[in-house]
Amino acid sequence: HTEMATVPLGFNIDAPRWDQSTFVGRLKHFLNITDPRTVLVPEEELDRAKALVEGCRAGLVPPGNSREQLLYAKKLYDSAFHPDSGEKMNLIGRMSFQVPGGMALTGCMLQFYRTVPAVVFWQWVNQSFNAIVNYTNRNAASPISLRQIGVAYITATSAALATAVGLNLYTKRAPPLLARWVPFAAVAAANCVNIPMMRQQEIINGVTVTDGDNNELGHSRRAAAKGIVQVVVSRITMAAPGMIILPIIMERLEKFPFMQRIRVLHGPLQVLLCGGFLLFMVPAACALFPQRCSLALADLEPELRDSIVAKHGDKVPYVYFNKGL
């Protein structure tokens, strides 16, 4: 009787459970790994899950582990460990913390939008949160120096503050609803700065591109740019419904007499409603584009394209790379 059983036949722990070429398949995948309940799982259990996944990759699994247990271990592993480096990610930077973290921050940004100091404070807190998330989910193959992180953080925070404070002063004379949309404009502007800055190494040096069978073909800056644009779009999409629709809902609700009596609860109510939006929007926004991004050979830098054609002829119509989250 050996201690280690073999992996169930035909079971590949790294194979996606849902078709990643369709939006619905990706949505199920991200609903699974951005599940905020995984934030509460104790460290030891995460380490056990990692050991189980790594054992499974090596073809060895302790006996008595069902397929379900292996899949659950993989879910925990995906939620807490970096896909490139396999290191445990800090709690705040995990995608599974996006719902509780984002819900508190978005609720506060939407609630305290009237005075400049409040706007400055909450946009700053939000950009600090974003910097941690972007750093945690970077493409680990492109290391970034602390100085670059500092510069990225300061520029993104400045962009958010400039947008928020500028628009806040500008909307003083505008309809009240417009003022409530200022936090979204600030978040969108900051994302356009924060993500490219945090991932500037990829833009400078390019990201590794591979063929369909994962053979490395070289580094492409255009691929990096495409991946980063997609991440910016999906981050803005993540914030959009909550930050655009919620203000309309609150604007209507606050006219009711019962709402005027319970002013104290407006903040907590916004936070809860944000949570409702984010529960669905975090996975939906992550699922907008395939994680394994592709780029047509024709769109690559001429020198990289020529070297690929010289080596492989017309066998490689597309190159692939990890776009990051």
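Colleague: What should the 14 residues of helix 4 span, and how far apart are its end C-alpha atoms?

Modeller: The expected span of a helix is 1.5 Å times one less than its number of residues. For helix 4 this gives 20 Å, and its end C-alpha atoms are 19 Å apart, which agrees. Helices (H or I, at least four residues) and strands (E, at least two) are DSSP runs, numbered from the N terminus. This is a predicted model, in which local features need pLDDT of at least 70, side-chain atom pairs count only at pLDDT 80 or more, and totals for chains, interfaces and linings use all residues. Residues are numbered from 1 along each chain as its sequence is written, and side-chain values use heavy atoms, with hydrogens and water left out.

Colleague: How many residues of helix 4 are buried?

Modeller: Buried means under 20% relative accessible area, exposed over 50%, partly exposed in between (1.4 Å probe, protein chains only). Eleven of the 14 residues in helix 4 are buried, including Gln98, Leu105 and Met109. Its buried residues pack against helix 5, helix 7, helix 9 and helix 11, where contact means heavy atoms within 4.5 Å.

Colleague: Which residues does Met238 contact, leaving aside its neighbours within four places in sequence?

Modeller: Met238 is in contact with Gln98, Leu278, Met281, Val282, Ala285 and Cys286.

Colleague: Is Asn214 buried or exposed?

Modeller: Asn214 is exposed, its relative accessible area being 55%. This residue sits in the loop between strand 3 (207-210) and strand 4 (216-220). Although Asn214 is not a glycine, its phi is positive, at about 70 degrees.
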